[in-house]
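This briefing introduces a structure to a reader who has not met it before. Please keep the sequence and the model in view while reading.

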Amino acid sequence: MDCMVAYVNGVVKELSAAPVLADGSAMIPLRFVSEYFDCEVSYVESTRSIYINN
């Protein structure tokens, strides 16, 4: 799973990180999935928190 692209409705999209298989689960970039669903993703460094808003 070292591929840095994903296909969305047949269109190639670049990923910021490659997906990873961990203990039988696929880990994919959260920002990519969130933005596909038109959500806003923000990161607060001081609390190391990620916020996803639609």
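Phe37 is exposed, with a relative accessibility of 57% (buried means under 20% relative accessible area, exposed over 50%, and partly exposed in between, with a 1.4 Å probe and protein chains only). The model is a predicted one, in which local features need pLDDT of at least 70 and side-chain atom pairs count only at pLDDT 80 or more, while totals for chains, interfaces and linings use all residues. Residues are numbered from 1 along each chain as its sequence is written, and side-chain values use heavy atoms, with hydrogens and water left out.

**Aromatic pair**
- A search of the whole structure yields 1 aromatic pair (rings of Phe, Tyr and Trp, the last by its six-membered ring, pair if their centres lie within 6.5 Å; planes under 30 degrees apart count as stacked, over 60 as edge-to-face and the rest as tilted).
- The ring centres of Tyr36 and Phe37 are 5.1 Å apart and the planes stand at 80°, so this pair is edge-to-face.
- Tyr36 is partly exposed, at a relative accessible area of 42%.

**Salt bridge in helix H1**
- The count of salt bridges is 1 (a side-chain nitrogen of Lys or Arg within 4 Å of a carboxyl oxygen of Asp or Glu).
- It joins the side chains of Glu35 and Arg31, with 3.1 Å from N to O.
- Both Glu35 and Arg31 belong to helix H1 (residues 30–36), where they are 4 residues apart, about one turn of the helix (helices, H or I with at least four residues, and strands, E with at least two, are DSSP runs numbered from the N terminus).
- Glu35 is partly exposed at 41% relative accessible area, and Arg31 is also partly exposed, at 39%.

**Residues in contact**
- Ser34, also found in helix H1, is buried at 7% relative accessibility.
- Apart from neighbours within four places in sequence, Ser34 is in contact with Cys39, Val41 and Ile52 (contact means heavy atoms within 4.5 Å).
- Ile28 lies in the loop between strand S4 (25–27) and H1.
- With neighbours within four places in sequence set aside, Ile28 is in contact with Pro19 and Val33.

**Strands S5 and S6**
- Strand S5 (residues 40–44) contains Tyr43, a partly exposed residue at 45% relative accessibility.
- S5 pairs with strand S6 (residues 49–53) in the antiparallel sense over 5 bridges (two strands pair if DSSP finds at least two bridges between them).
- Within this pairing, Val41 stands opposite Ile52 in S6.
- The hairpin of S5 and S6 has 4 residues between the strands, and Arg48 takes a positive phi near 55° there.

**Positive phi in loops**
- Most residues other than glycine have a negative phi.
- Asn9, which is not a glycine, has a positive phi of about 55°.
- Asn9 sits in the loop between strand S1 (5–8) and strand S2 (11–14), and is exposed at 73% relative accessibility.
- Asp38 likewise has a positive phi, near 60°.
- The loop between H1 and S5 holds Asp38, which is exposed at 69% relative accessibility.
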